[in-house]
Amino acid sequence: MTDKEKCAPGCDCHDHDHEEADFITLEFDDGVEVECEIMGVFDCDGKEYIALIPDDGSDDVYIYGYKEVGDEEFELIDIEDDEEFEKAVAEFDKIVAEQA
């Protein structure tokens, strides 16, 4: 994963310290809200995905489709297709393994 991929959307990279993580709050259909750290954005088969780490004490990582919709704004897209989701997870696992 490059420095840019580790950064939050809109980051210009290399001009500042990345010690401060960016967070977003997800709200699920049942009304439960979970604060998540943005781990990074990555590419798989020509589509962009985002990895989020929930601040709930678990080891979970949430993977969503990612689409920029404006300056500093983005949209999370549920991955409905199981095959697409598995490919995105495999790519994420590969990137994480390369960083270890």
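Which residues form one aromatic cluster with Tyr49? Phe42 and Phe92 do, together with Tyr49. The legends below describe a predicted model.

**Figure 1. Overview of the protein chain, with two helices and five strands.**
Read from the N terminus, the elements follow the order α-β-β-β-β-β-α. The chain has 100 residues, and 29% of them are buried. Among contacts with a separation of 6 or more, 34% join residues 24 or more positions apart. The exposed surface of the protein chain comes to about 7,000 Å², of which carbon and sulfur atoms supply 41%.

**Figure 2. Close-up of the aromatic cluster of Phe42, Tyr49 and Phe92.**
Four aromatic pairs are found when the whole structure is searched. In one of them, the ring centres of phenylalanine 42 and phenylalanine 92 lie 5.9 Å apart and the planes meet at 45°, so the pair is tilted. An angle under 30 degrees would count as stacked and one over 60 as edge-to-face. This pair links distant parts of the chain, since phenylalanine 42 belongs to strand E2 (residues 33-44) and phenylalanine 92 to helix H2, 50 residues apart. Phenylalanine 42 and phenylalanine 92 are both buried.

**Figure 3. Close-up of the aromatic pair of tyrosine 66 and phenylalanine 74.**
The two rings are 5.3 Å apart from centre to centre, with 35° between their planes, and the pair is tilted. Are the two residues of this pair buried or partly exposed? Tyrosine 66 has a relative accessibility of 6% and therefore counts as buried. Phenylalanine 74 has a relative accessible area of 24% and is partly exposed. The cut-off that separates the two cases is 20%, because buried means a relative accessible area under that value.

**Figure 4. Close-up of isoleucine 95 in helix H2.**
Helix H2 spans residues 82-99 and contains isoleucine 95. Why does isoleucine 95 count as buried? Its relative accessibility is 6%, and buried means under 20%. Phenylalanine 42 is 53 residues away from isoleucine 95 along the chain, yet their C-alpha atoms are separated by 8.7 Å. Phenylalanine 42 lies in strand E2, so this view, like the one of the aromatic cluster, shows a residue of helix H2 together with a residue of that strand.

Note on methods. Residues numbered from 1 in each chain as written. Predicted model: local features only at pLDDT ≥ 70, side-chain atom pairs only at ≥ 80, totals over all residues. Heavy atoms only, no water. Helix = DSSP H or I, 4+ residues; strand = E, 2+ residues; numbered from the N terminus. Buried < 20%, exposed > 50% of the residue type's maximum accessible area, 1.4 Å probe, protein only. Contact = heavy atoms within 4.5 Å. Areas by Shrake-Rupley, 256 points an atom, 1.4 Å probe, with all protein chains shown as cover. Phe/Tyr/Trp six-rings, centres within 6.5 Å; stacked < 30°, edge-to-face > 60°.
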